[in-house]
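Ready to get your bearings in a new structure? Have a look at the model below, then try the exercises one by one.

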Amino acid sequence: MSRRPAARYADRDALSLLQSIEATALATWLRTGTWAYPVLEIVHIFALGTVIGTMVLVDVAVIAGRDAAANRLLARQALPLTWMAFGVAAVTGLAMFAARATDLGFNRALWIKLALIACAGLNAGWFHLRDSLGRRDTVARLQALGSLGIWLAVVCAGRLIA
């Protein structure tokens with residue numbers, strides 16, 4: 001089945017954009033440097049592990065039904081580290097994308113991973129807006145369980161990218 005001409009032009013424009021991203025000095029250095037890309041991957045994995053690890057601590061506390069004060073204290077201690085690690089994961093992820101933009105731009109697993117991260121963010125936003133840390137109800141537990149499932153899926157999608 002042939003594709004519509006408009007779709008062909010859109011793909012060509014996307015490919016051109018991805019090629020220009022890949023041609024940047026940073027992307028070229030990451031591809032050609034012996035240690036640059038592997039070190040970037042290591043930092044990305046550690047950052048993502050930190051994000052997930054801190055999220056697991058908070059989610060398990062909510063699922064276990066700990067009291068509101070304990071949950072809030074744990075979150076107050078864990079979330080600054082979570083945000084810092086998320087920032088590092090985002091920056092390293094963007095750099096890895098730049099190095100292989102033409103390969104990754106059309107990679108479904110990458111887009112699934114990004115969609116899952118967006119879902120995790122929406123779930124976290126809803127979680128905090130309804131003060132699920134302070135509630136010992138089924139919705140809070142389901143949100144925490146959903147968070148664990150989403151982050152597990154993020155890791156799986158990440159592995160499928162490679």
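The exercises below deal with pockets and salt bridges in this predicted model.

**Exercise 1.** Find out what the lining of the largest pocket is made of, and which helix gives the most to it.

*Solution.* Start with the space itself: the largest pocket holds about 740 Å³. Next, go to its lining, which has 25 residues; His44, Gly93, Met96, Lys113 and Ile161 are the ones nearest the centre. Now look for the helices around it. H3 (36–63), H4 (68–99), H6 (108–129) and H7 (138–161) each bring at least two residues to this lining. H4 is the top contributor, with seven. Last step, sort by class: you get 18 nonpolar, three polar and four charged residues.

**Exercise 2.** Do the same for the second largest pocket: which helix supplies the largest share of its lining?

*Solution.* The volume here is about 360 Å³. Count the lining and you reach 18 residues, with Met55, Thr82, Trp83, Ala120 and Ala124 nearest the centre. H3, H4, H6 and H7 each supply at least two of the lining residues. The largest share comes from H6, which puts in seven residues. Sorted by class, the lining of this second largest pocket has 11 nonpolar residues, six polar ones and one charged.

**Exercise 3.** How many salt bridges does a search of the whole structure find? Work out which parts the one between Arg72 and Asp131 ties together.

*Solution.* A quick reminder before you start: side chains of opposite charge can pair when their charged atoms come close. Searching the whole structure turns up two salt bridges. In the pair Arg72 and Asp131, the closest N and O atoms sit 2.4 Å apart. Arg72 belongs to helix H4, while Asp131 is in the loop between H6 and H7, so this salt bridge links parts that are 59 residues apart in sequence.

**Exercise 4.** Take the salt bridge between Arg130 and Asp137. Is Arg130 buried or exposed? Then check Asp137, and go back to Arg72 and Asp131.

*Solution.* First the distance: the closest N and O atoms of Arg130 and Asp137 are 2.7 Å apart. For the next step you need the cut-offs: buried is under 20% relative accessible area, exposed is over 50%, and partly exposed is in between. Arg130 has 14% relative accessibility, so it counts as buried. Its partner Asp137, with a relative accessible area of 23%, is partly exposed. Back in the other pair, Arg72 comes out at 35% and is therefore partly exposed. Asp131, at 32%, also counts as partly exposed.

Methods
Residues are numbered from 1 along each chain as its sequence is written. This is a predicted model: local features need pLDDT of at least 70, side-chain atom pairs count only at pLDDT 80 or more; totals for chains, interfaces and linings use all residues. Side-chain values use heavy atoms; hydrogens and water are left out. On a 1 Å grid over the protein atoms alone, a cavity is a set of points where a 1.4 Å probe fits but cannot get out, and a pocket is an open set with protein on both sides within 12 Å along at least five of seven lines; lining residues have an atom within 4 Å of a point. Grid points are joined across faces, edges and corners, and a volume is the space filled by probe spheres set on the points. Helices (H or I, at least four residues) and strands (E, at least two) are DSSP runs, numbered from the N terminus. Ala, Val, Leu, Ile, Met, Phe, Trp, Tyr, Cys and Pro count as nonpolar, Asp, Glu, Lys and Arg as charged, and the others, Gly among them, as polar. A salt bridge is a side-chain nitrogen of Lys or Arg within 4 Å of a carboxyl oxygen of Asp or Glu. Buried means under 20% relative accessible area, exposed over 50%, partly exposed in between (1.4 Å probe, protein chains only).
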